[in-house]
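Let's take a friendly walk through this protein, going from the whole fold down to single residues. Keep the viewer open as you read.

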Amino acid sequence: MNLGIEIGGTKLQLVTGDITGQITQRFRFMIDPSQGADGILSQIATTIRQLPEPPQSIGVGFGGPVNWQTGQIATSHQIAGWAGFELANWLQEQIPGATVRIENDANVAALGEARRGVATGFKRVFYVTLGSGVGGGMIVDNQLYHGALPGEAEIGHLWLVPPGDSTPGQTVEQTISGWAVDQQIRDLLPQLPDDSALKLAVQQAHANGSVGKEARFLHPAYEASDPVARMLIEQIGSVAALGLSHVVHLFHPDAIVLGGGISLIGEPLRAAIRQALPRFVMKSFQPPPIVLLAKLGEDAVPVGALELVTTPI
C-alpha cells in the first residue's frame, strides 16, 4: 500500500493506493491556518495511525517550494511554521522504513494529469495551475522535468510589466490568480448594471454570508450572456496565453493542461486561451500546442503523489 498526501493552504488530503496507483481510501480535511504547520502534522500523524497497515511508500505534493532531493520544505506562503522543516525525515519517523518523495504540488498535479488524466499519450506536457496562486510543471516522457534547485516552471512569476524604480510591476500570478480575479470582480461590481448576472450572483452570495471566491460566478454569468463575465474571461485567457507563450518558446510542449480553481470556468476559458495563444507565438512555431482542461479535479495532486512512488521518477 502507498500513501499520497496533498498539503495545501486550505485543504489537506491523504489517499491510499494499490500497486496500480488506484485510490483505495481517502481522507480530506480543511486546514485551520491559526494552527500552523503543527496542526497539519498532527492531523497527518493521526490519520496515519488510522490506516489498516503502514504504507510502504509516501508521496507528497506540497503547496510551496521544496527541495525535492532532500524533502526539506523551503516555505509556505499561506501557513506559518513550514520554513526549513525536514518533512521527509519527519514522515520516515512516523513510518520507519517507508520510501518518501516530496515535490511541489504543481509538479505533482502535472504528473497526475500526464499519467492518469487528460494528457496521457503526450510526450511533452506542461501543466499550469490557475488557483490561489499560479504554478506550473513540465513532464517529459512521463517524467518530471527538474531544473537546478530550488525550483522550476514558475510561470506565475513571469513579469507582464517589469518593476521600475517607483512602480511594483505586475506578474502573471498578480493578474490572473484566483485572489486577483476575485478582486477585479469586487472592484467592478459598483459599475455593473443592477440586472447583471455576475453582480446578482455575487450579491446573493454576500447576502448569504459567502464572501470571496467571486471568480466561481464567471462561468454561470457567461452562460447567462453577461458581457462583463465574457470580457473578464477573455482578459484572463489573453494574460494566460501570454504567459504560456514563453513556455511554448522555451519547451514547445505537445499539450498544455489547465488546472486549478480558475480552470473550472471551463470551455470558455480554454477557448479564450486557445484563441489568444497564436498571437504571442512566433510564426515558425505555429500552430501552438493543444490546450486541454484538466480532468482529475481535486484528485490531481493526490493521484500525482501516488504516481511519485508507484513508478520511479
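How many helices and strands does the protein have? There are ten helices and 14 strands. Please keep in mind that this is a predicted model.

## Overall shape and surface

The radius of gyration of the protein is 20 Å, which agrees with the value near 20 Å that a compact globule of 313 residues would have. Along the principal axes, the C-alpha atoms fill a box of roughly 60 × 50 × 45 Å. Of the 313 residues, 50% are buried. If we take contacts between residues at least 6 apart in sequence, 63% of them join residues at least 24 apart.

Turning to the surface, the protein exposes about 14300 Å², and carbon and sulfur atoms supply 53% of that area. The protein carries 19 positive and 28 negative charges, and the mean positions of these two sets lie 7 Å apart.

## The five-stranded sheet

Have a look next at an open sheet of five strands, which come in the order 10-9-8-13-14 with mixed pairing. Its edges are strand 10 (143–144) and strand 14 (290–293), each of which pairs on one side only.

Strand 13 (residues 255–259) runs parallel to strand 8 (residues 124–130), and five bridges join the two. Here Phe126 stands opposite Ile256, and Val128 has Leu258 as its bridge partner. Strand 13 also pairs with strand 14, again in the parallel sense, over four bridges. On that side, Leu258 stands opposite Leu293.

Which residues of strand 13 are buried on one side, and which on the other? Ala255, Val257 and Gly259 are buried on one side, while Ile256 and Leu258 are buried on the other, and both faces of the strand are covered. In total, five of the five residues of strand 13 are buried.

## A hairpin early in the chain

Strand 2 (residues 11–17) and strand 3 (residues 23–30) are antiparallel partners, paired over seven bridges. Leu12 stands opposite Phe29 of strand 3. The two strands form a hairpin with five residues between them. In the turn you will find Gly21, whose phi is positive at about 90°.

## Helix 5 and its neighbours

Helix 5 covers residues 178–188, and its buried residues are Gly178, Ala180, Val181, Asp182, Ile185 and Leu188. What do the buried residues of helix 5 pack against? Their packing partners are helix 4 (172–176), helix 6 (197–207), helix 7 (218–223) and helix 8 (227–251).

## Loops worth a visit

Ala294 sits in the loop between strand 14 and helix 10 (300–310). Is Ala294 buried or partly exposed? Its relative accessible area is 27%, so Ala294 is partly exposed. Setting aside neighbours within four places in sequence, Ala294 is in contact with Glu113, Val118, Tyr127, Val257, Leu258 and Gly259. Among these contacts, Val257, Leu258 and Gly259 are also among the buried residues of strand 13. Ala215 is 79 residues from Ala294 in sequence, and their C-alpha atoms are 18 Å apart in space.

Before strand 14, the loop that follows helix 9 (267–280) holds Pro287. The peptide bond from Gln286 to Pro287 is cis, with omega near -5°.

## Positive phi outside glycine

Ala153 has a positive phi of about 60° although it is not a glycine. Ala153 lies in the loop between strand 10 and strand 11 (159–161). With a relative accessibility of 23%, Ala153 counts as partly exposed.

His252 is another residue other than glycine with a positive phi, here near 45°. Where is His252 found? The loop between helix 8 and strand 13 is its place. Why is His252 classed as partly exposed? Its relative accessible area is 28%, and the partly exposed class runs between the 20% and 50% cut-offs.

Technical notes
Residues are numbered from 1 along each chain as its sequence is written. This is a predicted model: local features need pLDDT of at least 70, side-chain atom pairs count only at pLDDT 80 or more; totals for chains, interfaces and linings use all residues. Side-chain values use heavy atoms; hydrogens and water are left out. The radius of gyration is taken over C-alpha atoms; the globule rule is 2.2 Å times the number of residues to the power 0.38. Buried means under 20% relative accessible area, exposed over 50%, partly exposed in between (1.4 Å probe, protein chains only). Contact means heavy atoms within 4.5 Å. Accessible areas come from the Shrake-Rupley method with a 1.4 Å probe; for residues, only the protein chains shown count as cover. Lys and Arg count as positive and Asp and Glu as negative; His and the chain ends are not counted. The place of a charge is taken as NZ of Lys, CZ of Arg, CG of Asp or CD of Glu. Two strands pair if DSSP finds at least two bridges between them.
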